[in-house]
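Student: Could you take me through one part of this model closely? I would like to look at the surroundings of a bound ligand.

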Amino acid sequence: MKPFDYQRATDADSAISLVSGDPEARYIGGGTNLVDHMKLGIAEPGKLVDITRLPYDSVESLPDGRVRIGATVRNSDLAAEPVIRQRYPVLAQALLSGASGQLRNLATTGGNLLQRTRCSYFQDVTTPCNKREPGSGCSALEGWNRHHAVLGASERCVATHPSDMAVALAALDADVLVEGPDGQRTVPVTELHRLPGDEPERDTVLRHGELVTAVELPSLPFASRSRYRKVRDRASFAFALVSVAAAVELVEGTITDVRIALGGLAHKPWRATEAERVLRGAPATEETFRAAADAELAAARTLRDNEFKVPMTRNTLASVLRELTRQEGS
Amino acid sequence: MSDTHAPAHRPQDLDDAIAGGVGESPLRPDGTLKVRGDFAYSSDLWAENMLWGATLRSPHPSARIRSVDIGPALRSPGVHAVLTAEDVPGRNLYGLKDIDQPVLAEDVVRYRGEAVALVAADHPETARRALDLIEVDYEVLEPVVDAELAAHDDSLPKVHPGGNTVRYQPIVKGDPEVTADVVVSGTYTVGMQDQAFLGPESGLAIPAEDGGVDLYLATQDLHTDRKQTAAALDLDPELVRMTMSGVGGAFGGREDLSMQVHVCMLALRTGRPVKIVYDREESFFGHVHRHPAKMYYEHGATRDGDLVFVRAQLYFDGGAYASKTPVVVGNGTTLGVGPYDVANVSIQGWGMYTNNPPCGAMRGLGAVQPAFAYESQMDRLAEALDMDPVELRIRNAISRGDTTPTGQVLDYPAPVAELLRRVRELPLPEAPAAGAEPDIRDLPGGASNTTHGEGVVRGVGYGVCIKNICYAEGADDFSTARVRLQNVAGEPLAMVHTAAAEVGQGLVTVQQQIARSELEVERVNIHPNDTSVGPAGSSSASRQTYVTGGAVQAACRAVRERLLAITAERFGEPAAELSLSGGKIVSRESGVLADIAEVLGSEAIEETREYHHRETFPLDERGRSERAQVQHAFSAHRAVVDVDTELGLIKVVQLDCSQDVGKAVNPESVVGQIQGGSAQGLGLAVMEEIQVGEGKIRNPSFTDYLIPTILDMPPMNVDVIERGDPNAPYGVRGVGEPPTISSTPAIVAAIRAATGRDLTHVPVGPEHIIG
Ligand SMILES: Cc1cc2nc3c(=O)[nH]c(=O)nc-3n(C[C@H](O)[C@H](O)[C@H](O)COP(=O)(O)OP(=O)(O)OC[C@H]3O[C@@H](n4cnc5c(N)ncnc54)[C@H](O)[C@@H]3O)c2cc1C
Ligand code: SF4
């Protein structure tokens with residue numbers, strides 16, 4: 001590990017100026033991803049600015065029905081928050097399906113959103129990887145790519161985003177509040193992460209020095225009927241092979257509104273707009289569910305080892321929709 | 001308390017039951033400490049003024065080393081030594097069977113992770129950073145990565161000058177060309193499994209004034225480590241003293257050297273204590289793994305279901321160095337038909353060098369891979385014959401008096417059919433009531449709420465196996481025990497001293513139990529294991545209770561003999577009339593003569609004994625041997641599995657086992673071994689695989705290499721039977737390995753029964769079930 005400076009920020013402005021003024025500086029939240037990367041030699045920051053003492057550690061219900069989650073709220077605390085459990089069960093479930101209790105106690109909302117891919121070539125500095133070393137090539141294309149993307153990938157990179165929480169946030173149409181040297185801006189969570197395209201080294205649209213301060217959830221009343229389902233290789237403590245976050249509004253057997261996002265399939269939490277389009281206004285039947293899944297997966301491109309993700313996604317999505325519509329109807 | 005005024009007791013007055021003897025389950029002396037986190041493991045070692053060692057490893061699976069520049073590393077502050085192959089004082093080669101692995105690579109590296117240089121520094125981080133400053137100029141070469149190809153394609157590069165075959169062994173019995181009514185064939189593959197022990201490789205070396213070195217470490221076999229280390233250090237073995245420190249699991253992964261020579265070299269060079277501890281990633285590169293295998297099988301049977309022949313070709317990928325590959329080939333081929341009586345056998349086994357990670361010992365050595373294949377074949381055959389798979393197995397089960405494929409007659413119980421019948425009779429889990437909402441915790445995916453039972457189907461499968469116990473094929477297999485009996489504060493205390501490694505299996509308890517039973521004393525201490533007593537051999541091959549147990553028994557009996565002789569002289573009674581009971585010496589004629597402590601007085605009685613098991617003999621070129629293996633053990637599993645066919649998820653609902661242990665010296669430990677072994681077999685069945693591509697491990701972490709958690713491991717019914725082996729001390733039969741072997745095929749059979757899928761590879765993943 002390369003030597004680094006460590007500073008604990010006490011206010012946002014100084015944190016932002018510390019990081020934006022120094023190309024080698026990085027924010028650190030719980031450190032559960034960044035410190036691993038430093039050990040593996042993937043990240044070599046010269047300065048760490050610890051943001052966990054900034055006043056972003058609470059969950060607030062806003063007067064207009066929105067809910068604001070501070071960027072340093074720990075994953076465990078967020079999952080236990082009554083307003084999240086009641087109004088956005090999909091988010092609580094997604095959080096609790098991730099990592100382990102110890103990790104969730106440390107991991108922050110901002111850090112979870114910005115965690116990087118688990119692609120094994122990305123994590124192995126002795127192998128070529130365009131994300132780690134632009135232009136060096138993508139080892140996963142011809143290599144072990146069981147965990148890799150089937151949607152939205154490019155010739156340069158086929159990595160997936162590993163976060164469970166971000167999939168739920170994408171389904172909920174959350175906004176990410178960002179503060180930078182030039183002031184504040186709001187980025188919809190669905191636009192925070194990028195597709196790899198020609199620049200797989202850029203995971204998100206954030207600029208160096210921009211600080212995530214909060215995530216805001218829209219009021220979205222029907223999200224109280226929502227679900228996160230994660231399919232993985234063992235019963236707990238494993239990343240998603242495939243996951244589905246969904247919320248359904250059902251009126252007399254017809255789906256009047258719906259939000260779906262998919263995990264484990266793409267370089268970003270994948271908002272399933274095609275599936276939503278098929279479902280909106282349609283009867284809640286098995287045929288509709290399958291048609292929705294097929295519409296979304298029509299664009300899927302599989303690699304040597306990940307063909308199974310397509311039927312797995314189709315079946316998981318259908319199963320989640322079945323469950324949500326059954327619940328609502330009965 | 002001794003009451004000298006009391007009349008002598010008659011034998012019937014004695015409370016002669018010394019608690020905690022053979023056949024009981026006394027508390028483990030290390031148990032409470034381990035559970036409370038107070039147990040000191042070798043990674044906790046610490047010495048005043050010590051330095052930290054680190055290892056530079058090859059990033060390439062195959063390369064020529066053009067040059068190594070250690071200058072910048074050596075000049076960096078805090079660094080005390082940087083060593084390369086040139087600094088190896090003695091023989092720069094070691095190995096358990098073939099001596100083929102360099103301590104530090106010289107002109108070539110043969111696998112990714114091979115040690116190239118060493119650093120000692122005043123802080124572990126300083127040492128690691130210094131590694132980055134060592135400049136190695138590599139000429140990268142094309143790696144050999146396919147063992148089957150390596151066996152037959154002479155145009156491939158040679159990983160070692162002698163060629164790519166480590167061992168080739170055929171086994172021929174009867175008529176290899178015979179035909180049969182019904183023939184089934186299949187090709188099976190087993191992925192590379194890791195031992196996944198929790199305590200990483202670690203040791204602390206302290207240079208001694210006599211020019212030698214004291215090494216504290218976690219290992220499976222002190223003396224074999226010492227022999228190899230002393231040769232590399234060019235020291236008399238007596239000057240290389242090793243002491244066992246807390247071992248955090250082993251499962252075969254600590255049989256080969258890892259940091260032993262390295263840490264001693266650094267200590268001797270710097271004149272200071274040096275400690276090396278691997279981190280988890282380095283540990284994946286720092287120890288051998290289970291051999292991946294590709295196996296072609298053909299089984300022929302009569303229409304009635306009698307096996308006529310078994311033919312097989314087995315390819316084991318040994319990776320870059322031989323390690324235990326010769327033994328894997330020996331076990332794989334000799335046990336390749338399974339626990340069945342087969343008249344005509346033709347098996348060929350190849351253990352190959354490649355540029356993949358070296359593979360060696362792991363629980364079930366060489367028997368795990370063929371068991372998956374031959375049990376899959378038995379199920380196929382049952383299907384082809386339209387027979388019940390358990391009945392087919394029972395019909396062909398080997399039993400006492402039968403001849404193995406190597407020509408060895410089994411002269412001890414082989415209750416294979418009985419085990420199958422028993423495991424079949426164990427209670428099955430209740431099927432979920434029709435129409436009732438299932439408890440999601442019981443479904444595939446478990447509490448994470450993945451499945452709601454729509455596509456879930458249940459299957460039941462069986463597996464049975466054979467494993468040889470102890471070293472085989474002519475190895476002189478023995479262990480040594482020194483037992484000292486003395487009077488401590490008026491009570492007799494026995495001290496048992498061996499070099500046998502407690503790797504978690506409960507050997508310390510077993511040794512205490514044997515001493516209690518043999519010497520009729522309550523208090524038994526276990527001396528720290530070190531090389532100041534004779535060799536014990538490795539804690540492997542399920543052999544320690546057999547051989548070290550035998551040595552402790554023999555040493556105790558020698559001590560007892562002397563004690564009785566002293567008593568006989570003092571009391572004028574013939575020694576043959578005396579015995580020990582409840583801490584006292586009893587005469588058949590006149591009852592209690594004295595307390596053991598009294599007779600001992602201030603004298604201690606100490607005896608050292610070796611125990612050698614019956615001789616074994618090598619295989620000839622047709623794989624024949626009068627006795628290739630000294631003992632065989634058997635277990636049978638039944639798995640009940642739920643599979644979500646839509647999501648490809650598997651949940652093992654119940655895993656039951658019947659096993660013959662000869663004699664359960666410690667019944668609780670036996671059950672623990674069966675549970676643990678079964679969990680390891682479950683891991684291989686449904687999740688554990690080191691992914692290797694182009695010679696590189698892709699998942700060297702416990703985040704990416706998955707082992708079962710408590711949520712994946714089902715409840716077990718464990719049925720232990722004791723059909724003693726008349727040749728073994730107390731009739732014991734090795735326990736640790738069989739349950740690792742028969743659990744895997746049982747689980748896969750259950751998944752096949754549930755899904756109708758072929759499933760020819762383990763681990764089975766969702767991709768094999770859906771799509
Ligand atoms: C063994 C293991 C298993 C795991 N399993 C799962 C799983 O199943 N599902 C899952 O979703 N995740 C899993 N994770 C990942 C875990 O969720 C993330 O490591 C964690 O959420 C990261 O949060 P953190 O606060 O520790 O981030 P850090 O490591 O502190 O930071 C991560 C990144 O975000 C940046 N950053 C942090 N906060 C901010 C901010 N406010 N503004 C701008 N930049 C910021 C940092 O600079 C860094 O680049 C697992 C991790 C491990 C180690
Ligand atoms: S998939 Fe992306 S992260 Fe993985 S090796 Fe290719 S470029 Fe690197």
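Tutor: Happily; here is the setting of ligand 1, followed by ligand 2 and the chain contact. This is a predicted model, in which local features need pLDDT of at least 70, side-chain atom pairs count only at pLDDT 80 or more, and totals for chains, interfaces and linings use all residues. Residues are numbered from 1 along each chain as its sequence is written, while chains are lettered from A and ligands numbered from 1 in the order in which they are written.

Ligand 1 lies between chains A and B. Around ligand 1 there are 31 residues (C-beta atom, placed from the backbone, within 6 Å of it), and the nearest include Gly29(A), Gly98(A) and Gly111(A). By class, this shell has 15 nonpolar, 13 polar and three charged residues; Ala, Val, Leu, Ile, Met, Phe, Trp, Tyr, Cys and Pro count as nonpolar, Asp, Glu, Lys and Arg as charged, and the others, Gly among them, as polar. Elements of chain A that each supply at least two shell residues include β2 (25-28), α2 (34-40) and β8 (211-217); helices (H or I, at least four residues) and strands (E, at least two) are DSSP runs, numbered from the N terminus.

Ligand 2 is surrounded by 14 residues, and Cys119(A), Tyr121(A) and Cys129(A) are among the closest. Its shell divides into 10 nonpolar, three polar and one charged.

Finally, the contact between the chains takes 24 residues from chain A and 29 residues from chain B, where two residues are in contact if their C-beta atoms, placed from the backbone, lie within 7 Å. On the chain B side, nine are nonpolar, 13 polar and seven charged.
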